[in-house]
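Visitor: Could you take me slowly through a single part of this structure? I would like to see where it sits and what lies around it.

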Amino acid sequence: MTTPTLRLADDSVTTATVDALVVGTMSGKGGPRLLPGSAEVDAAFDGALTDLLAMLGAKGKADEVIKVPTRGAISAPLLIATGLGEVDGQPTSEQVRRAAGAASRALAGTARAVTTLSRIDLAAAAEGTALGSYAFTAYRSRNGDGPLGQMDLSVPSASSAGARADLARAVAIAEAVTAARDLVNTPPNDLYPASFADRAVTMAQAAGLRTEVLDEKALRRHGYGGILGVGGGSSRPPRLVRLHYAPATSKAKVALVGKGVTFDTGGISIKPAAKMEEMTMDMAGAAAVVVTTVLAARLELPVEVIATVPMAENMPSATAYRPGDVLTMYGGTTVEVLNTDAEGRLILADALVRAAQDAPDYLIDTATLTGAQIVALGNRTQGIMGTPEFRDRITAISQQVGENGWAMPLPEHLRSDLDSKLADIANVASHRWGGMLTAGVFLSEFVADDIPWAHLDIAGPAYNSGSPWGYTGKGGTGVPVRTLAAVLADIADRG
Ligand code: BES
Ligand code: MN
Ligand code: ZN
């Protein structure tokens, strides 16, 4: 993990000794417009900066980065104009975050820069800068371009207590997101259930959390049939990790559950070879839950958080579970396995039942659960299901933080599609229509009726196999850490 040093600065940006100065642009009718907050930069270019940018082809669109050699107009030898797109009144935080991210990607290899985006939205500029310059270099033996070294965030007063608190919070959030990305990006030969559990425990203990790890013997003793079934085909046995943040004063108790399949071959119902390597990301939900629980402690949120994180590797082998097997889940429900590739819901079912035993006020699970999520909503929109009121609350929050969830239904009639010829329920339907919803309906069978519950299917948004955009590089994105963190903060505020 590499992120730049972020620092508040209140000296002049036109005379600062830096390698580059970042300003924002917006798309206007006749061409780009300068974002408010850079008047003295424009003045240093004799008021001709907008014309200069237009001449270079700038439109002010999102993800547009234009580089201008300054030739002495300002101290920085390079000016970077980063687009926010169409701005309606005030720019949104997400517009600022994205523009800061695009600029910081363009600054890879630069030692030090200063930005005026922080004058519009300090936290968003800080988060976007930190996330945009993230690079996962742990497995490179040769040095490439390093990331941006330091970004000065221009603010009216660098000693303002409010600005310092905003920056500290933004840095904590960005560090949580990059920690999740690191876990997702770590290859499956190094990140398997036991090593993932170790890393989770190390992070949690450093933040003062209580931890508990159930190994395969403990899982057997307590009857975790879903986790044991899915993990049984691997030489690297499954785990259930529990992390507990219990602050002195607490507004509510929140249970978090995340799917931790460290590699998903599909098992005996094996996946095609093409793109199978991407199934290293099938533990992104678990990664998000682990780092969010640690973040709650770092931010000292007045909310009790208990994470229940099942970890397993889904492999085909002589010891693997089979299509046709019936598993007895934690709590006693029986499940007929019709497809071993629908493994996420099986390990989550065990974890959801365990999580409810703590009598939480809210229960949230997140998982790279279905390809159908990607078919329905694409790569940048998570599907959010659950108890309608809580589902809608989380959906609204996810949109505020720029992670763009969308509420999806759990139609009751889908339940009969999961009827089994011999067990209480089957793990898949006989057709693929509405697969994201069917998976949600399956999970709902394992959620106690009286707990407000939300299920975030992040199959697409958790991992970027396309080109970088905004503050999102290739690989693990860290979604939905910022949604979960904002939900915990909202519960801390409003109960
Ligand atoms: N991990 C996959 C879902 C997935 C697919 C995540 C693509 C990210 C990208 C999950 O375990 C899976 O295999 N789901 C099956 C379910 C089916 C067998 C009912 C799927 O979506 O095909
Ligand atoms: Mn699968
Ligand atoms: Zn999976």
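Guide: Let us start at Ile-347, which sits in helix 10, residues 344–356. Helices here are DSSP runs of H or I with at least four residues, strands are runs of E with at least two, and both are numbered from the N terminus. The model is predicted, so local features need pLDDT of at least 70 and side-chain atom pairs count only at pLDDT 80 or more, while totals for chains, interfaces and linings use all residues. Residues are numbered from 1 along each chain as its sequence is written, chains are lettered from A and ligands numbered from 1 in the order in which they are written, and side-chain values use heavy atoms, leaving out hydrogens and water.

Is Ile-347 buried or exposed? Its relative accessibility is 0%, so Ile-347 counts as buried. (Buried means under 20% relative accessible area, exposed over 50%, and partly exposed in between, with a 1.4 Å probe and protein chains only.)

Now look at what surrounds this side chain. Set aside the neighbours within four places in sequence. Ile-347 then has contacts with Gly-226, Ile-227, Val-230, Lys-259, Gly-260, Val-261, Pro-310 and Ala-312. (Contact means heavy atoms within 4.5 Å.) Take Pro-310 from that list. Pro-310 and Ile-347 are 37 residues apart in sequence, yet their C-alpha atoms are 6.1 Å apart in space.

Next, pick Lys-259, one of the contacts of Ile-347. Lys-259 counts as buried because its relative accessibility is 1%. Through its NZ atom, Lys-259 helps to coordinate the zinc ion (ligand 3). The other residues at this zinc ion are Asp-264 (OD), Asp-282 (OD) and Glu-343 (OE), and the distances run from 2.0 to 2.4 Å. (Donors are N, O and S atoms within 2.8 Å of the metal, or 3.2 Å for Na, K and Ca; water is not among the atoms, so sites may look incomplete.)

Along the chain, the zinc donors are spaced K-x4-D-x17-D-x60-E. Why is the zinc site called octahedral? Its 6 donor atoms subtend angles of 78 to 174°, which makes the arrangement octahedral. (Six donors are octahedral, and four are square planar, if opposite donors are over 155 degrees apart and all others between 65 and 115; four are tetrahedral if all angles lie between 85 and 135 degrees; anything else is irregular.)

Follow Asp-264 to the second metal. Asp-264 bridges the zinc ion (ligand 3) and the manganese ion (ligand 2), which are 3.2 Å apart. With 3% relative accessibility, Asp-264 counts as buried.

The manganese ion (ligand 2) is held by Asp-264 (OD), Asp-341 (O), Asp-341 (OD) and Glu-343 (OE), at 2.0 to 2.2 Å. Its donors follow the spacing D-x76-D-x1-E. The manganese site also has 6 donor atoms, but with angles of 69 to 168° it is irregular.

Check how open these residues are. Asp-341 has 23% relative accessibility, so it counts as partly exposed. Glu-343, at 0%, counts as buried. Glu-343 appears in the zinc list and in the manganese list.

Finally, go past the end of helix 10. Ala-359 lies in the loop between helix 10 and strand 15 (362–367). Its phi is near 50°, a positive value in a residue other than glycine. Ala-359 counts as exposed because its relative accessibility is 53%.
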